[in-house]
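Reader: I'm new to this one and I'd like to know what stands behind the labels people use. Could you walk me through it?

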Amino acid sequence: MPVKTNLWRVSEKPEELAESRLDTEKLLEKMIVQEPRLLSDEWMLIGQQEHTYNKQPLDLLAIAPDASLVLIELKRDRTPRDVVAQALDYASWVENLTPDKIAAIYRKFTSGGDLAEGFQKKFSRPLDEDELNQSHQIIIVAAELDASTERIVKYLNDRSLAINVLFFQVFAHGDEKIISRTWLLDPIETQSASSPTKSSNSEPWNGEFYCSFGDSNSRSWNEARHYGFICGGGGAWYSRTLQLLSPGNRVWVKVPGMGFVGVGQVLSQAVPASEFTINTSDGEKPAMEVLTEGNYHRDFIDDEEKCEYFVAIEWLETKDLSEAIQELGMFGNQNTICKPTTAAWRTTVNRLKSIFTNFEK
């Protein structure tokens with residue numbers, strides 16, 4: 001069923017706002033460039049109207065915290081199916097962008113800006129050239145889509161092609177216009193469908209979850225290991241993939257830059273820091289009263305988008321950071337949780353099972 005939004009003015013006698021439209025669809029593109037949060041506050045715009053094959057212009061290009069790319073195509077006056085076909089064609093162009101080409105696109109977009117500096121400022125982490133453009137997402141921006149096109153988008157996403165639709169509707173409120181935003185699919189589905197594209201060795205998911213646990217000022221592996229949890233936060237991009245986990249799942253944990261440090265079984269769904277409790281020798285206590293070795297984004301504890309989220313884990317086997325396992329060819333990813341479909345993940349898990357011998361506890 002096509003997505004549609006209705007807005008009502010709050011009063012004793014509610015008044016429905018009449019649907020309107022922007023003067024031109026080009027205005028929406030300008031609005032997004034001026035305020036990228038209209039799309040997402042988790043991405044950084046790096047390009048606009050960049051020429052692809054046969055000098056066809058890609059509307060917008062962005063980068064995500066894991067250095068994957070996000071291509072954004074506005075529907076404009078094309079039929080919905082044409083937009084999907086065009087976006088897939090652009091994706092084949094984006095997939096082959098080299099780091100130097102991506103940096104050049106950003107310089108052009110920012111009139112001389114440095115991509116590495118911009119990435120560091122936006123995401124508070126250095127840009128790793130080896131991670132750059134290892135995967136991408138396709139985002140179609142439209143006021144409406146027909147039902148058949150929505151089915152096509154869902155079909156592609158279900159088969160690990162990361163594509164989504166962002167609906168913008170405009171409403172009249174007196175002399176003003178108000179714009180609303182609605183996703184066709186939960187963004188977690190698109191983010192989790194995004195997987196490395198540089199290799200053709202894609203295969204069915206092996207049922208084993210991967211966790212990237214950033215041990216830093218934000219969180220402590222020592223405490224996670226001691227109290228039984230994994231976590232992520234600082235933005236929905238980092239925390240929402242924790243929702244992929246359900247009790248009974250098995251997860252292999254890697255500390256970026258160090259290696260694999262543990263394997264455990266999920267005990268609970270993800271909950272915000274304000275609701276997570278820890279069993280101590282003095283009984284069950286709020287996690288934020290017990291944990292002292294990391295900040296765990298305490299400044300955002302009342303912000304459901306940016307706060308830390310926790311998942312309780314029964315550890316089957318863990319290692320100290322000094323014993324972390326990292327070997328050539330082992331899988332790595334910046335997503336807090338993912339379901340890898342590459343051959344590298346299968347071989348990584350098989351190798352880890354020979355090291356973490358209690359994985360079937």
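Author: Sure. Let's begin with helix H3, residues 99-109, where Ile-102, Ala-103, Ile-105 and Tyr-106 are the buried residues. Bear in mind that this is a predicted model.

Reader: What makes the buried residues of H3 one face of the helix?

Author: Looking down the axis of H3, the buried residues fall within an arc of 155°, so they line one face. On the other side of H3 you'll find Asp-100 and Lys-108, which are exposed. Just after the helix comes Ser-111, with a positive phi of about 55°.

Reader: Which residues in the loop between H4 and E7 have a positive phi, then? Let me start with Ser-124.

Author: Ser-124 sits in that loop, between H4 and E7. Its phi is near 55°, a positive value in a residue other than glycine. Asn-133 lies in the loop between H4 and E7 too, and has a positive phi of about 60° although it is not a glycine.

Reader: Why is Ser-124 called exposed?

Author: The cut-off for exposed is over 50% relative accessible area. Ser-124 has 61% relative accessibility, so it counts as exposed.

Reader: And Asn-133, is that buried or exposed?

Author: Buried is the word for anything under 20%. Asn-133 has a relative accessible area of 1%, so it is buried.

Reader: How do you know which label Pro-126 gets?

Author: Pro-126 is another residue of the loop between H4 and E7. Its relative accessible area is 57%, and exposed starts over 50%, so Pro-126 is exposed. Leaving aside neighbours within four places in sequence, Pro-126 is in contact with Phe-119 and Gln-120. As for Thr-24, it is 102 residues away from Pro-126 in sequence and 38 Å away in space, C-alpha to C-alpha.

Reader: What about Glu-129, and why does it count as exposed?

Author: Glu-129 is found in the loop between helix H4 (115-123) and strand E7 (136-142). With 56% relative accessibility set against the cut-off of over 50%, Glu-129 counts as exposed. Measuring up the chain is another way to place it: Glu-129 and Ser-20 are 109 residues apart in sequence and 44 Å apart in space, C-alpha to C-alpha.

Reader: Where is Arg-159, and what makes it exposed?

Author: Arg-159 is in the loop between helix H5 (147-158) and strand E8 (163-173). At 51% relative accessibility against a cut-off of over 50%, Arg-159 counts as exposed. Its C-alpha atom is separated by 27 Å from that of Ser-268, 109 residues apart along the chain.

Reader: Let's go inside. Which residues have the most contacts within the largest nonpolar core?

Author: Ile-46, Leu-61, Ile-63 and Leu-71 do, in a core of 34 residues. Helix H2, residues 80-94, gives the most to this core, with seven residues. Apart from it lies another core, of 32 residues, among them Phe-213, Val-251, Ile-278 and Ile-337.

Reader: Why would such residues sit together?

Author: In soluble globular proteins, nonpolar side chains tend to be buried together.

Reader: What does Leu-71 touch?

Author: Not counting residues up to four places away in sequence, Leu-71 touches several residues, including Leu-58, Leu-60, Ala-87, Tyr-90, Val-94 and Ile-138.

Reader: How much space lies in the largest pocket?

Author: About 940 Å³. Of the 33 residues lining this pocket, the closest to its centre are Phe-123, Ser-124, Arg-125, Gly-233 and Tyr-238. H4, strand E11 (229-232) and helix H8 (236-239) each supply at least two lining residues, and H8 gives the most, with three. The lining divides into ten nonpolar, 13 polar and ten charged residues.

Reader: How many cavities of 30 Å³ or more are there?

Author: The count comes to two. The second largest cavity has a volume of about 30 Å³.

Reader: What makes up the lining of the second largest cavity?

Author: Pro-36, Leu-39, Ser-40, Trp-43, Leu-45 and Ala-62 line it. That lining divides into five nonpolar residues, one polar and no charged.

Conventions: Residues numbered from 1 in each chain as written. Predicted model: local features only at pLDDT ≥ 70, side-chain atom pairs only at ≥ 80, totals over all residues. Heavy atoms only, no water. Helix = DSSP H or I, 4+ residues; strand = E, 2+ residues; numbered from the N terminus. Buried < 20%, exposed > 50% of the residue type's maximum accessible area, 1.4 Å probe, protein only. 1 Å grid on protein atoms, 1.4 Å probe; cavity = no way out; pocket = protein on both sides within 12 Å on 5 of 7 lines; lining within 4 Å. Points joined across faces, edges and corners; volume = space filled by probe spheres on them. Nonpolar A, V, L, I, M, F, W, Y, C, P; charged D, E, K, R; others polar. Core = buried A, V, L, I, M, F, W, Y, C linked by side-chain atoms within 4.5 Å. Contact = heavy atoms within 4.5 Å. Arc of directions from axis to C-beta.
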